[in-house]
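Hi everyone, thanks for coming. Let me put the structure up, and then I'll walk you through its salt bridges and a few backbone oddities.

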Amino acid sequence: MGERVITMVEALNEALDQIMEKDPTVIIMGEDVGRYGGIFGVTKGLLEKYGPERVRDTPISEAGFIGAAIGAAAAGLRPVVELMFIDFLGVCFDQIFNQMAKIRYMFGGKAKLPIVLRTTCGAGFRAAAQHSQSLHALFIHVPGLKVVMPSTPYDAKGLLIASIKDDDPVIFIEHKGLYGIKGPVPKEMYEIPLGVADIKKEGKDVTIVATAAMVHKALNAAKKLEEEGISVEVIDPRTLVPLDVDTILNSIKKTGRLVVVDEGYPRCSFATDIAAIAASMAFEYLKAPVKLVTPPATPIPFSPVLEDAWIPSEKDIIEAVKKVVEYKK
């Protein structure tokens, strides 16, 4: 028998099921997470198994139910609360940035806040500008929040279990375009530690740091570049906070070239953060300027043709890699 292969949705659902079975303090809250099973199917079947006390459908009030989840966490539960789209974080901004991120610090560590806020990001679904953004940089900016962004079913399950067990608030971001991808996932419960990057492909000429769906585009680009004699190393940080800086720096020291691929807007972004780390901590190893592959700084178009052009492509990644390889000081 070969390895068991399941989708990311199935891996996330299994993670929730296994941790809820083991730990009665884990509860789920959010819009359509119960009877409907989540709009993407991640919480399917959990209401029937664990009941309405532990799987709670909420009113359409993000500030209200995220605030309630913060209170539940402070009182000893481990809530997994769903913000249906990352675009909606403006509605509950204060609860996340001023309450969730700061309570443990302001109480001198006496109040733990073991809460996971699951949300979705990513363009490409003709969902227009208010349901397609990747706003993870906003969470990264605020101290007190851990930020997780998996790219494979295996990583998604292990990271979600680790996030729920963590005593600090974790923002767990799932790219809509990855829900249907398949990969090997062990049936047993396992954890992937937060703050540990994964080298998805080893190489010696160029380092690519990529997130979520961009990891797969980077791997496809790397395969095509191999045919042209360019060896690319692809690193998936997996957790954006805490960030595994050492793995990234060690790769840059080996290759001397860096391309960062991210679906967030280009200014004050995860991509610029990685570029700044490279420039300030590994400048002497760089053989070429750091290249960023991001969307343009515009709202996401609804037009299919324009939306497809807006999203970073394999072609964009290949062109960026070739520029850093061909660069001559």
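**Salt bridges and unusual backbone spots**

Let's start with Asp167, which is partly exposed, with a relative accessible area of 24%. Keep in mind that this is a predicted model. So who does Asp167 meet in a salt bridge? The partner is Lys112, at 3.7 Å from N to O. Lys112 sits in the loop between helix 5 (103–106) and strand 5 (116–121), while Asp167 sits in the loop between helix 7 (153–165) and strand 7 (170–175), so this pair ties together parts that are 55 residues apart in sequence. Lys112 is partly exposed too, at 39%.

How many salt bridges does the structure hold? The count is 23, and I'll show you a couple more.

Look at Glu14 and Arg4. Their closest N and O atoms are 2.7 Å apart. Glu14 belongs to helix 1 (residues 8–22), and Arg4 to the segment before strand 1 (5–7), so to speak of distance along the chain, they are 10 residues apart. Is Glu14 buried or exposed? Glu14 counts as buried, because its relative accessibility is 15%, and the cut-off for buried is under 20%. Arg4, on the other hand, is partly exposed at 29%.

Next up, Lys254 and Glu233, whose side chains meet in a salt bridge at 2.6 Å, N to O. Lys254 lies in helix 9 (residues 245–255) and Glu233 in strand 11 (residues 232–236), so a helix and a strand get tied together across 21 residues of sequence. Here Glu233 is buried, with just 2% relative accessible area, and Lys254 is partly exposed at 43%.

There's also a network: Arg104, Lys146, Asp166 and Asp168 are joined by salt bridges that share partners.

Now for the backbone. Most residues other than glycine have a negative phi, and most peptide bonds are trans. With that in mind, which residues does a cis peptide bond join? Those are Val241 and Pro242, with omega at about -5°. You'll find Pro242 in the loop between strand 12 (239–241) and helix 9.

Then we have two positive phi values. Ala128 has a phi of about 70° although it is not a glycine. Ala128 is in the loop between strand 5 and helix 6 (136–141), and is partly exposed at 25%. Arg238 also has a positive phi, near 65°. Its place is the loop between strand 11 and strand 12, and Arg238 is buried, at 8% relative accessible area.

Conventions
Residues are numbered from 1 along each chain as its sequence is written. This is a predicted model: local features need pLDDT of at least 70, side-chain atom pairs count only at pLDDT 80 or more; totals for chains, interfaces and linings use all residues. Side-chain values use heavy atoms; hydrogens and water are left out. A salt bridge is a side-chain nitrogen of Lys or Arg within 4 Å of a carboxyl oxygen of Asp or Glu. Helices (H or I, at least four residues) and strands (E, at least two) are DSSP runs, numbered from the N terminus. Buried means under 20% relative accessible area, exposed over 50%, partly exposed in between (1.4 Å probe, protein chains only).
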